[in-house]
Amino acid sequence: ESEAMHLKLPLIAGESVLTEGVLVQNNIAEIHLAPHQESFTFRSALTVGETLKLTASPLTQWIEEWQLQISPIWHVVTAGIPPIKASEAAWMPKFKPYPGEHLTLTLSKPNPIQGNTITVDQVILDHRPGQRLSQSELNLSVRSSVGHDFPIQLPVEAEILEIAIDQQKQPLYQKGAKITLPIQPGAHQVLVKWQTTETLQMKQSIPAVSIGAPATNIHLKLHEPQGRWILFMNGPQLGPAILFWGVLILIILASVLLSRNKNIPLKWYDWLLLGVGLSTGTLAGSLVIIAWFYSLHYREKWVAHLQNSHYELMQLYFIALTMVMLVTLLIAISTGLLGQPNMGIVGNGSSYNMLNWYQDHSGEILPTAYVISLPLLSFQLFMLMWSIWLALSLTRWLKWGWACFSVGGLWKKQDAIK
């Protein structure tokens with residue numbers, strides 16, 4: 001409008017205008033609009049109560065529009081005219097009443113429920129055993145709604161090396177095996193490093209740690225030192241597994257089945273020892289050994305049905321197969337004496353020197369895991385004894401193989417000349 005305008009706006013019962021320059025008389029706010037002024041905004045406060053009643057002015061000089069912006073700490077029930085629109089991002093209902101229409105708001109605060117004020121979103125417990133010292137590292141992702149002290153219980157013999165919150169180092173204050181960290185409201189990254197004088201033993205365990213709240217997404221990592229022969233492990237269900245023991249069961253079953261052929265000079269325990277020694281290599285190597293024994297066994301049946309040229313090819317085949325068999329055994333011996341035992345460790349991204357476990361949630365006491373291993377020298381001694389047994393047995397097997405190889409003559413052409 002090109003002229004000034006003066007409006008008298010009724011206030012709600014208990015409403016107090018906070019904006020300066022607004023005159024209030026008899027619960028009526030007097031609004032002055034200068035020429036060409038299209039809008040005017042003022043702020044006010046309401047007395048907190050259980051109900052709030054809005055009534056549209058009976059005057060027709062203006063059109064009223066009400067919109068509620070409700071805080072999450074309030075629960076509001078409306079009675080009267082229905083809303084015409086609500087925001088998609090939040091519940092902000094809008095009302096457009098006709099003159100004289102009413103809207104009643106019933107206000108209440110939801111009753112609070114008991115719950116934790118701190119949440120541990122992720123835990124990474126990394127353990128590195130050593131010959132003389134073992135080092136561990138604990139990483140926590142923490143969210144807190146209030147500031148308070150966060151306790152962490154470490155092993156009794158732990159010597160703290162570093163404490164950091166959001167990459168800011170903290171004073172190293174340790175009272176026994178327990179440390180207390182000041183956690184402020186918000187999300188934080190907590191790091192605790194310590195070491196123990198625990199020496200490398202047959203059983204290596206990830207240390208037991210207790211934190212001040214239940215945890216989710218727990219990752220356990222164990223770095224197996226070089227020069228160890230892993231035999232067994234245990235921890236949370238989602239973790240590594242040793243496939244060798246399953247393979248050993250198959251080797252035992254195969255040994256029993258293969259030993260049923262009495263024409264081959266191997267007892268069931270010979271097949272078993274041979275299979276265990278070859279298990280450090282590949283399956284193809286074991287198949288070559290089996291093929292050598294069974295091919296020589298069935299050679300006598302093939303001789304009568306072969307012509308001279310085919311006979312020579314068969315003899316060349318057995319010579320080549322024998323060479324491959326001997327090379328396979330030499331590779332198995334060298335791998336066993338100089339290499340790392342192949343125990344078939346797989347699962348959850350684990351390898352021979354890095355074992356990973358995962359658990360989705362736990363209480364304040366974190367889960368743990370352990371590994372049973374022997375020095376690599378134990379495996380090498382076993383392979384040395386196996387090599388000696390193989391050398392002694394091989395002389396007997398080669399004599400049997402030569403007898404099978406020479407049945408019907410070595411070469412047909414030589415026999416014909418004679």
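Lysine 203 lies over the face of tyrosine 370. The distance to the ring centre is 4.4 Å. This contact, like every feature below, comes from a predicted model.

Aromatic rings also meet one another. The structure holds 13 aromatic pairs. One of them joins phenylalanine 40 and phenylalanine 42. Their ring centres are 6.5 Å apart and their planes stand at 35 degrees, so the pair is tilted. Tilted pairs have planes that are neither under 30 degrees apart nor over 60. Phenylalanine 40 is partly exposed, with a relative accessible area of 37%. Phenylalanine 42 is partly exposed too, with a value of 22%.

Tryptophan 389 and tryptophan 397 form an edge-to-face pair. Here the centres are 5.8 Å apart, and the angle between the planes is 80 degrees. Tryptophan 389 has a relative accessibility of 19% and counts as buried, because the cut-off for burial is under 20%. Tryptophan 397 is also buried, at 1%. Both belong to a cluster linked by ring pairs. The cluster consists of Trp271, Trp292, Phe293, Trp389, Trp397 and Trp400.

Helix H5 spans residues 376–405. It has 30 residues. From the first C-alpha of H5 to its last, the helix reaches 40 Å, close to the 44 Å expected at 1.5 Å a residue. H5 contains a kink of about 25 degrees. Leucine 394 is at the centre of this kink.

Helix H1 covers residues 244–258, 15 residues in total. Its reach from first C-alpha to last is 20 Å, close to the expected 21 Å. The buried residues of H1 include Phe244, Leu248, Ile251, Ser255 and Leu258. These residues cover an arc of only 95 degrees around the axis, which puts them on the same side of H1. The face turned away from this buried side carries Ile249, Leu250 and Leu257, which are exposed. Valine 247 is found in H1 as well. At 37% relative accessibility, valine 247 counts as partly exposed. Valine 247 and glycine 275 are 28 residues apart in sequence. In space, their C-alpha atoms are 9.8 Å apart.

The strands S16, S13 and S19 form an open sheet in the order S16-S13-S19. The pairing in this sheet is antiparallel. S16 and S19 stand at the edges, each with a single partner strand, so one side of each is left without a neighbour in the sheet. S13 runs over residues 148–153 and S16 over residues 178–183. These two strands pair over six bridges. Within this pairing, proline 151 stands opposite threonine 180 in S16. S13 also pairs with S19, which comprises residues 210–211. That antiparallel pairing has two bridges. Glutamine 153 stands opposite serine 210 in S19.

Loop residues add two cases of positive phi outside glycine. Glutamine 167 has phi near 65 degrees. Glutamine 167 is found in the loop between strand S14 (159–165) and strand S15 (168–169). With a relative accessible area of 78%, glutamine 167 is exposed.

Asparagine 348 has a positive phi of about 55 degrees, although it is not a glycine. Asparagine 348 lies in the loop between strand S23 (345–346) and strand S24 (354–362). Asparagine 348 is partly exposed, with a relative accessible area of 34%. Asparagine 348 and glycine 186 are 162 residues apart along the chain. Their C-alpha atoms are separated by 31 Å.

Terms used. Residues are numbered from 1 along each chain as its sequence is written. This is a predicted model: local features need pLDDT of at least 70, side-chain atom pairs count only at pLDDT 80 or more; totals for chains, interfaces and linings use all residues. Side-chain values use heavy atoms; hydrogens and water are left out. Helices (H or I, at least four residues) and strands (E, at least two) are DSSP runs, numbered from the N terminus. The expected span of a helix is 1.5 Å times one less than its number of residues. Buried means under 20% relative accessible area, exposed over 50%, partly exposed in between (1.4 Å probe, protein chains only). The arc is that of the directions from the helix axis to the C-beta atoms. Two strands pair if DSSP finds at least two bridges between them. Rings of Phe, Tyr and Trp (its six-membered ring) pair if their centres lie within 6.5 Å; planes under 30 degrees apart count as stacked, over 60 as edge-to-face and the rest as tilted. A charge sits over a ring if NZ of Lys or CZ of Arg is within 6 Å of the ring centre and within 35 degrees of the ring normal. The bend at a residue is the angle between axes fitted to the seven residues ending there and the seven starting there.
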